[in-house]
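Colleague: Could you take me on a close look at one part of this protein, and then show me how the parts around it fit in? I would like to follow it residue by residue at my own screen.

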Amino acid sequence: LIGAYWGIHKSDQIVLSSSSGGVFQTLADYVLKKKNGVVFSAVYTQNCSRVEILDSENAAVAEFRRSKYVESIVGNAFQKVKAYLNMGRYVMYCGTPCQIAGLHQFIGEKNQNLLLCDFSCGGVPSHQLYQDYLQSLSMKYKSEVKSVNFRSKRYGWGVHGIEIDFVNGKKYISPAILDPYFYGFIGKHINVRDYCYHCDFADNHYSDIILADFWRYKKFGLKDNKTGISLVLTNSSVGEDVLHEIASEIDAHRIDLDAASYNIKRQEYTEEFLAQKDKFVRDYEEQGFAYVSKKYLSLSKQERVKLRIKTTIKAIIN
């Protein structure tokens with residue numbers, strides 16, 4: 001790591017439509033302003049039932065915004081990146097740390113026209129679990145899914161929220177902790193892919209820039225923030241140079257590197273937790289999503305009522 005910064009896009013609209021402070025949008029705009037620049041990142045496809053890595057030739061940059069809490073299908077993205085580089089085009093690829101390590105290996109020697117960006121990653125749930133989750137909601141709302149937003153700021157940036165729109169006009173809205181899929185990821189961390197628990201790249205990044213939420217902003221003297229702040233870690237001289245070039249587009253401030261790198265530490269899991277994870281997987285495979293939702297992914301009724309009241313008040317204030 002070379003440097004650490006917190007940053008906020010100067011457009012309030014961009015910040016509100018981003019997961020944190022909108023720095024990803026600034027990076028994407030920087031690349032696309034270059035001659036023949038192209039951006040690769042994750043987008044929802046097939047009625048939001050899949051998340052795939054696409055490029056800006058085939059998807060709008062706005063579709064790249066916001067975190068997608070499910071594994072992304074790489075497909076032929078690596079081959080397309082290499083092809084674009086061979087054409088002399090400037091390419092930015094933003095994905096999970098393991099994807100960036102794979103792309104780094106696939107490309108070989110560092111190319112000056114390639115900007116690699118990843119993020120603080122605690123693992124991702126599988127597509128099968130995600131699709132079963134969406135199917136359960138489709139049955140409940142009697143409609144196909146139209147859009148998914150895992151980082152709604154309805155309750156403010158500090159409270160993860162989810163909003164899912166359906167084709168029939170209905171909408172599902174919930175704080176993350178009250179949603180079984182999201183609670184399994186954010187709250188219990190029990191529904192991520194098995195290999196994510198032993199990932200070699202959670203604290204070993206091959207990217208030029210690492211993005212995260214700047215959750216500890218108050219410890220750095222910043223006031224309460226309800227819209228979002230990005231934490232940006234530069235991991236190469238290329239990343240450092242690019243951040244300086246986009247500085248005029250964001251409100252960015254350098255901070256102590258050691259204090260800011262808390263968000264990319266590898267998590268350690270106890271044998272007891274991993275044993276419970278195995279039970280969760282077996283129950284899911286044998287009994288299905290509805291069963292594990294009630295057994296593993298739900299709070300007590302009393303806790304749910306308390307949290308529902310608390311988050312409703314936050315939504316009103318926000």
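Modeller: What follows is a walk that starts at one helix, α3, and moves on to other parts of the chain. Please keep in mind that this is a predicted model.

Let's begin with helix α3, which covers residues 77-86. Which of its residues are buried? They are Ala77, Phe78, Val81, Tyr84 and Leu85. Looking down the axis of α3, you will find these buried residues within an arc of 125°, so they line one face of the helix. That face has several partners: the buried residues of α3 pack against the strands β2 (38-45), β3 (50-55), β4 (91-94) and β5 (114-119), and against helix α4 (97-107). After α3 comes Gly88, with a positive phi near 85°.

Helix α4 is a good next stop. Its buried residues are Pro97, Gln99, Ile100, Ala101, Leu103 and Ile107. They pack against α3, β3, β4 and β5. Cys98 also sits in α4, but this cysteine is partly exposed, since its relative accessible area is 39% and the partly exposed class runs from 20% to 50%. If you click on Cys98, have a look at His205 too: the two C-alpha atoms are 8.2 Å apart in space, although the residues are 107 apart in sequence. Just after α4, Gly108 has a positive phi of about 90°.

Gly108 also brings us to a cavity, as it is one of the lining residues of the largest cavity. How many cavities of 30 Å³ or more are there? The count is one, and the largest cavity has a volume of about 40 Å³. Its lining is made of His104, Ile107, Gly108, Glu109, Lys110, Leu114 and Leu116. The elements that contribute two or more residues to this lining are α4 and β5. By class, the lining has three nonpolar, two polar and two charged residues.

Since we have met two glycines with positive phi, here are two residues of other kinds. Most residues other than glycine have a negative phi. Asn36 is not a glycine, yet its phi is positive, about 65°. You will find Asn36 in the loop between α2 (23-32) and β2, the strand that also packs against the buried residues of α3. With a relative accessibility of 44%, Asn36 counts as partly exposed. Lys142 is another non-glycine residue with a positive phi, near 55°. This lysine is in the loop between α5 and β6 (145-152), and it is exposed, at 67% relative accessible area.

From that loop, step back into α5 (127-141), one of the elements that give two or more residues to the lining of the second largest pocket. The others are β8 (171-175), α10 (289-296) and α11 (301-317). This pocket has a volume of about 340 Å³ and is lined by 17 residues. Nearest its centre lie Ser136, Leu137, Lys140, Tyr172 and Pro180. The lining divides into eight nonpolar, four polar and five charged residues.

Pro180 leads on to helix α6 (180-187), where it is one of the buried residues. The others are Tyr181, Phe182, Tyr183, Gly184 and Phe185. This helix is mostly covered, with six of its eight residues buried. The cover includes α5, β6, β7 (161-166) and α10.

Now follow α10 to its neighbour α9 (271-287): the axes of these two helices come within 7 Å and cross at roughly 145°. On the α9 side the contact is made by Gln276, Lys279, Phe280, Asp283, Tyr284 and Gln287, and on the α10 side by Phe289, Tyr291, Val292, Lys295 and Tyr296. Sorted by class, that contact has six nonpolar, two polar and three charged residues.

One more residue before we finish: Glu240, in helix α7 (237-245). Is this glutamate buried or exposed? Glu240 counts as buried, at 10% relative accessibility, because buried means under 20%. Beyond the neighbours within four places in sequence, Glu240 is in contact with Ile2, Gly3, Tyr5, Thr234 and Arg254.

Note on methods:
Residues are numbered from 1 along each chain as its sequence is written. This is a predicted model: local features need pLDDT of at least 70, side-chain atom pairs count only at pLDDT 80 or more; totals for chains, interfaces and linings use all residues. Side-chain values use heavy atoms; hydrogens and water are left out. On a 1 Å grid over the protein atoms alone, a cavity is a set of points where a 1.4 Å probe fits but cannot get out, and a pocket is an open set with protein on both sides within 12 Å along at least five of seven lines; lining residues have an atom within 4 Å of a point. Grid points are joined across faces, edges and corners, and a volume is the space filled by probe spheres set on the points. Helices (H or I, at least four residues) and strands (E, at least two) are DSSP runs, numbered from the N terminus. Ala, Val, Leu, Ile, Met, Phe, Trp, Tyr, Cys and Pro count as nonpolar, Asp, Glu, Lys and Arg as charged, and the others, Gly among them, as polar. Axes are lines fitted to C-alpha atoms, for helices over the stretch in contact, and angles run from 0 to 180 degrees between N-to-C directions. Contact means heavy atoms within 4.5 Å. Buried means under 20% relative accessible area, exposed over 50%, partly exposed in between (1.4 Å probe, protein chains only). The arc is that of the directions from the helix axis to the C-beta atoms.
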